[in-house]
Amino acid sequence: VLPSPDGAAPSVSITEIRQYLRAQAIPFHDGYSCLHTPSLFTGDRGDQPLSANAPFTLFIDKTTGSFLCTASLAEGTWQDFQANVEMRLRGISPIPPASSEEVEEEMRQAREDARCIWERALPLWELLDEKETKETKALFGISQVTNATLKRFGVRYLRTARSLVFPWFSPQDATLKGLKLVRVEKNGGTITYVEETLPRFDSYHNLFGLPLIGRRDTELVLTGWELDALALHQAAGVASLALPRGTSCLPPTLLPYLEQFKRITLWLGEDLRSWEAAKLFARKLGLKRCSLVRPGNLQPRPLEALNQGLNVTKILRSALLASHKSIVSFRQLREEVFGELVNTEQVSGVKWIRFPELNKLLKGHRRGELTIFTGPTGSGKTTFISEYALDLCMQGVCTLWGSFEINNVRLAKIMLTQFAGRRLEDQLELYDEWADRFEELSLYFMTFHGQQNIKTVIDTMQHAVYMYDITHVVVDNLQFMMGHEHLSVDR
């Protein structure tokens, strides 16, 4: 459960950002999702104006105003950026905004743990015998992936955890910043992949494959899984990167690294959720430069396409442009309509695991729909909805809670108890174990309580949708958010 910033961050418009940069004589040019300027944190210090000849390595997000300098890795809010510009004008060297000592220590520890694991892991082609290598490759479905490809991307294998190890190297100096471990769990006939990251998910801002991208590369395929990136590179020789959290979100901190590409093809997976995510991410990246690979029988995920011997280059060529014209004919919609008919189950939304009866009523959770639960005070609305939302959240639906009636600590306690399925007050020794697992969920809380200004609430929701790709918002409850006096006016 990630803490939301205290109150909503003051919003800034792209016009205000441009006006400020011009007023301060800071050269900039317009990118796809960011403005590019020379960095305040590298090169000449002091009150000299920033030179237009310096490399433009500082990126300002057009939606939030947050910045990232890819040369020094300094990052911060729009207010931090303005503060550093003021310092520079006074002849003081700008200081990158620092995170708290606690966070710094946590990151240092995570890097140390990652280094220890990395040193114990072996390159797959160096396992003791060929049989073990073959069995391991077959288990992960990468029998067709060559050793040369694995070597190029630096993939290793950790015997003790029976996991593949994907490194995260710093784009600056190629030092190891973190790892992702992936292991296979078999349950009857179904195979699931279990992932673990160091550092934790929320600060794991990796684009797997980034160190292999050349400065002159202008086309990219963005995938939702590391093994898909390997398959794409091997089968089509294209520049390919994998998102750290798959189809669940595209963190805005990664956008600067994607600015150099004139064309981005999103091939995130083979189900409708991947397709929905691709459309969402394309809006963040700039619709005009994005194309999407539509999931279908002859267009599975890249690794599957490689395993089936399909022509990957041909599939990439058939990608659809993300920016639709304002008017379309049925001919242009024909394929999508067919996709909806073939995948009727998926179209009806994400099914609840704990509430089969609810699936009969609502079919599943779909984006863009509003469900209202009503009942008298004390009838269990909050208890039920927290379990209902938790069920979806555990299946990767990014969820934002607005609890205006009960405070977040109490709500989190209810949800943690439901998540663990046991009374933790009787087994306190298990608290940390369950809390760690709970923390991995894409679950966020708004910090409001009681009556609120609706505009502030909506702004906070929009901010959360952009930052964390929220697809499910819970408001509990409407009466408390609106305040009692509003109800008589416009029920």
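## Salt bridges, cores and a surface patch

R354 counts as partly exposed, since its relative accessibility is 30%. Keep that residue in mind for the first exercise, and remember throughout that you are looking at a predicted model.

### Exercise 1: a bridge from a loop to a helix

Find the salt-bridge partner of R354 and say which elements the two residues occupy.

Solution.
1. The partner is E387, with the closest N and O atoms 2.5 Å apart. The cut-off for a salt bridge is 4 Å, so this pair qualifies.
2. R354 sits in the loop between α11 (344-347) and α12 (356-362), while E387 belongs to helix α13 (residues 381-393), so the bridge ties together parts that are 33 residues apart in sequence.
3. Now check the cover around the partner: E387 is partly exposed, at 21% relative accessibility. Buried would require under 20%.

### Exercise 2: a long-range pair and a local pair

Helix α15 (residues 431-439) holds E439. Work out how far apart in sequence E439 and R200 are, then turn to the bridge between R437 and E433.

Solution.
1. Start with R200 and E439, whose closest N and O atoms are 3.7 Å apart in a salt bridge.
2. R200 lies in the loop between β10 (190-198) and β11, and 239 residues separate it from E439, so this pair links distant parts of the chain.
3. Both ends are partly exposed: R200 has a relative accessible area of 26%, and E439 comes out at 39%.
4. Next, the side chains of R437 and E433 form a salt bridge with an N to O distance of 3.6 Å. These two residues are four places apart in helix α15, which means about one helical turn between them.
5. R437 is partly exposed at 43%, and E433 is partly exposed at 42%.
6. To set these pairs in context, the whole structure has 24 salt bridges. Salt bridges can also form a network, as with R18, D30 and K62.

### Exercise 3: who builds the largest core?

Name the element that gives the most residues to the largest nonpolar core, and the domains the core draws on.

Solution.
1. The largest nonpolar core contains 32 residues, and L207, L220, L222, L258, I264, L266 and L285 have the most contacts inside it.
2. Two or more residues each come from β11 (219-223), β13 (263-267), α7 (272-285) and β14 (290-292).
3. Helix α7 is the main contributor, with eight residues.
4. At least three residues come from each of domain 1 (14-90) and domain 3 (208-347).
5. For a closer look, pick L207: leaving aside residues up to four places away in sequence, L207 touches L222, L241, A242, L243, L254, Y257 and L258.
6. A second, separate core has 27 residues, including V397, W401, L430 and L443.

As background, nonpolar side chains in soluble globular proteins tend to be buried together.

### Exercise 4: nonpolar residues at the surface

List the residues of the nonpolar surface patch and place L333 in its helix.

Solution.
1. F330, L333, V337 and L341 make the patch, which covers about 370 Å².
2. L333 is part of helix α10 (residues 330-342).
3. With a relative accessibility of 31%, L333 is partly exposed. Patch residues need over 30%, so L333 passes that cut-off.

### Exercise 5: the domain layout

Give the bounds of each domain and the separation between the centres of domain 2 and domain 4.

Solution.
1. The domain assignment gives domain 1 (14-90), domain 2 (99-204), domain 3 (208-347) and domain 4 (356-482).
2. Taken over C-alpha atoms, the centres of domain 2 and domain 4 are 32 Å apart.

Technical notes. Residues numbered from 1 in each chain as written. Predicted model: local features only at pLDDT ≥ 70, side-chain atom pairs only at ≥ 80, totals over all residues. Heavy atoms only, no water. Patch = residues over 30% accessible without salt bridge, like charges linked within 9 Å, V, L, I, M, F, W, Y side chains within 5 Å. Areas by Shrake-Rupley, 256 points an atom, 1.4 Å probe, with all protein chains shown as cover. Buried < 20%, exposed > 50% of the residue type's maximum accessible area, 1.4 Å probe, protein only. Core = buried A, V, L, I, M, F, W, Y, C linked by side-chain atoms within 4.5 Å. Domains from an automatic or database assignment. Contact = heavy atoms within 4.5 Å.
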